[in-house]
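Here is a quick tour for anyone opening this structure for the first time. Take a look at the picture, then read on.

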Amino acid sequence: MSTAAVEITPRAEAEEPAPVLLTVEEAARCLRIGRTTCFALIRTGDLESLNIGGLRRVPADAPAAYLARRRAEQRAA
């Protein structure tokens, strides 16, 4: 029996481009907040989102933009 090196990361994942859109759950994980809080931010317009074919998606750069706005607001206060 031959021993072969096992690749830990599947090749498809290793070469997959970074996502352009995130699910609400993924955006919530990025922000380290709950799903309900993330939906509340979307509802108030604080976190940018798009409705695509009945699915709610958050642009990948939206969590960072939200944090930048919040940090600027806190510095100004």
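## Starting with the sheet

Let's begin with a pair of strands: S1 and S3 are joined by three bridges and run antiparallel. One spot to look at on this seam is Leu22, which stands opposite Val58 in S3. Keep in mind while browsing that the model is predicted.

Zoom out a little, and S1 and S3 turn out to belong to an open sheet of three strands, ordered S1-S3-S2, with antiparallel pairing. The edges are taken by strand S1 (21–23) and strand S2 (50–52), each of which pairs on one side only. Neighbouring strands here are turned by 50° against each other on average, ignoring direction. In general, strands of a sheet pair through backbone hydrogen bonds, in either a parallel or an antiparallel way.

## The other seam and its hairpin

Now for the other pairing. S2 is joined to strand S3 (residues 55–59) by three bridges, and these two run antiparallel as well. Which residue in S3 is the bridge partner of Asn51? That would be Arg56. Ile52 has a bridge partner in S3 too, namely Leu55.

S2 and S3 make a hairpin with two residues between the strands. Gly53 in this hairpin takes a positive phi, near 55°.

## A closer look at Thr23

Thr23 sits in strand S1. Is Thr23 buried or partly exposed? Its relative accessibility is 21%, and buried means under 20%, so Thr23 counts as partly exposed.

Thr23 is also a good place to see the chain come back on itself: Thr23 and Arg57 are 34 residues apart in sequence, but their C-alpha atoms are 5.0 Å apart in space. Leaving out residues up to four places away in sequence, Thr23 touches Arg56 and Arg57.

## A helix on the sheet, and the loop after it

The sheet has company. Helix H2 packs on it and touches S1 and S3. The direction of H2 makes about 90° with that of S1.

Follow the chain on from H2 (24–31) and you reach a loop that leads to helix H3 (35–44), with Arg32 in that loop. Arg32 has a phi near 60°, which is a positive value in a residue other than glycine. Arg32 has a relative accessible area of 73%, and the cut-off for exposed is over 50%, so Arg32 is exposed.

## A nonpolar patch on the surface

Which residues make the nonpolar surface patch of about 330 Å²? They are Val20, Leu21, Leu50 and Ile52. Leu50 lies in strand S2. With a relative accessibility of 36%, Leu50 falls between the 20% and 50% cut-offs and therefore counts as partly exposed.

## The whole protein

Stepping back, the protein has four helices and three strands. Reading from the N terminus, the elements run α-β-α-α-β-β-α.

How much of the protein is buried? Of its 77 residues, 19% are buried. The protein exposes about 6200 Å², with 55% of that supplied by carbon and sulfur atoms. As for contacts between residues at least 6 apart in sequence, 43% join residues at least 24 apart.

Note on methods: Residues are numbered from 1 along each chain as its sequence is written. This is a predicted model: local features need pLDDT of at least 70, side-chain atom pairs count only at pLDDT 80 or more; totals for chains, interfaces and linings use all residues. Side-chain values use heavy atoms; hydrogens and water are left out. Buried means under 20% relative accessible area, exposed over 50%, partly exposed in between (1.4 Å probe, protein chains only). Two strands pair if DSSP finds at least two bridges between them. Axes are lines fitted to C-alpha atoms, for helices over the stretch in contact, and angles run from 0 to 180 degrees between N-to-C directions. Contact means heavy atoms within 4.5 Å. Patches are made of residues with over 30% relative accessible area and no salt bridge: like charges are joined within 9 Å, nonpolar side chains (Val, Leu, Ile, Met, Phe, Trp, Tyr) within 5 Å. Accessible areas come from the Shrake-Rupley method with a 1.4 Å probe; for residues, only the protein chains shown count as cover. A salt bridge is a side-chain nitrogen of Lys or Arg within 4 Å of a carboxyl oxygen of Asp or Glu.
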